[in-house]
Amino acid sequence: MIYEYGGTGGEKFDYVYGIQSIALRAGANVDQITINGIAYGGDGGNDCGTLTLEAGEYINGIHGRSGANIDQVTFVTNRGKILVGGDGGGGDPFSIAPIKLKGIGGRSGSNIDRLKFDRSEERRVGKECRSRW
C-alpha cells in the first residue's frame, strides 16, 4: 500500500527498498533525506542525525506534517529509536502506524517536496484472539 504526502515540485526520485539507514537535514522544512547513503534534496538546514537499522529492526511508524513540501517527518522503529526533522509548524498532519516500511520515494529539489511510503500493515494479535489448550 502506498501513502503520499507533500506537493508536486522538484524532481521525482524512485523508491529505495531494503532500507538500512535514514538521515535527515532540516530547518523550517525537511531539506534533505539520505536513504542507504544516497541523498535527495538540498544541503540546507541542520544535520538531524542518522537512524541505522540493526538486524530485525524496521520502521513501524511515520508521522509528520506536509503542505507544498514536507514540513516535518518522524520515523520510529519497532525497537523505539526515533529520528525527527523539521519544525512541524505548517501543513497538515499525517500519521501511519503500525506499519512495516518497505520503501521510500518522492520528489525533491532544494528541499523534500513529497515523500511516498510503500508499506505493509504490521499484524498484531489482540486479546480477542486467545487460544485455549
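Let us begin with C48, which lies in strand β6, the stretch covering residues 46-52. Please keep in mind throughout that the model shown here is predicted. At a relative accessibility of 27%, C48 is classed as partly exposed, because that class lies between the 20% limit for buried residues and the 50% limit for exposed ones. Which residues does C48 contact, once neighbours within four places in sequence are left aside? They are L24, R25, A26, L83, V84 and G85. As for N29, 19 residues away from C48 along the chain, the two C-alpha atoms are separated by 12 Å.

I turn now to the sheet. Four strands form an open sheet, and their order is β9-β8-β7-β10, with antiparallel pairing. The edges are occupied by β9, residues 82-85, and β10, residues 92-96. Each of these two has a single partner strand, so one side of each is left without a neighbour in the sheet. On average, and ignoring direction, neighbouring strands of this sheet are turned by 10 degrees against each other. One of the pairings deserves a closer look: β7, residues 59-66, runs antiparallel to β10, and five bridges connect the two. On the β10 side, D92 stands opposite S66.

The next topic is the nonpolar interior. The largest nonpolar core comprises 26 residues. Which of them have the most contacts inside this core? They are I33, I62, V73, F75, I104, L115 and F117. At least two core residues come from each of the strands β2 (11-17), β3 (21-26), β4 (30-35), β7, β8 (70-77), β10, β11 (99-108) and β12 (112-121).

V73 may serve as an example from this group. Apart from neighbours within four places in sequence, V73 is in contact with L24, V30, I62, H63, G64, L83, V84, G85, F94 and L115. Among these partners, I62 and L115 also belong to the core residues with the most contacts. L24, L83, V84 and G85 are likewise on the contact list of C48.

Finally, consider Y5, which is found in strand β1, residues 2-6. Is Y5 buried or exposed? Y5 counts as buried, because its relative accessibility is 15% and the limit for that class is under 20%. Beyond its neighbours within four places in sequence, Y5 contacts S66, I70, F94, I96, D113, R114, L115 and F117. S66 is the residue that we met opposite D92. Y5 and E57, by contrast, lie 52 residues apart in sequence, and their C-alpha atoms are 24 Å apart in space.

Definitions and conventions. Residues numbered from 1 in each chain as written. Predicted model: local features only at pLDDT ≥ 70, side-chain atom pairs only at ≥ 80, totals over all residues. Heavy atoms only, no water. Buried < 20%, exposed > 50% of the residue type's maximum accessible area, 1.4 Å probe, protein only. Contact = heavy atoms within 4.5 Å. Pairing = 2+ DSSP bridges. Axes fitted to C-alpha atoms, helices over the stretch in contact; angles between N-to-C directions. Core = buried A, V, L, I, M, F, W, Y, C linked by side-chain atoms within 4.5 Å.
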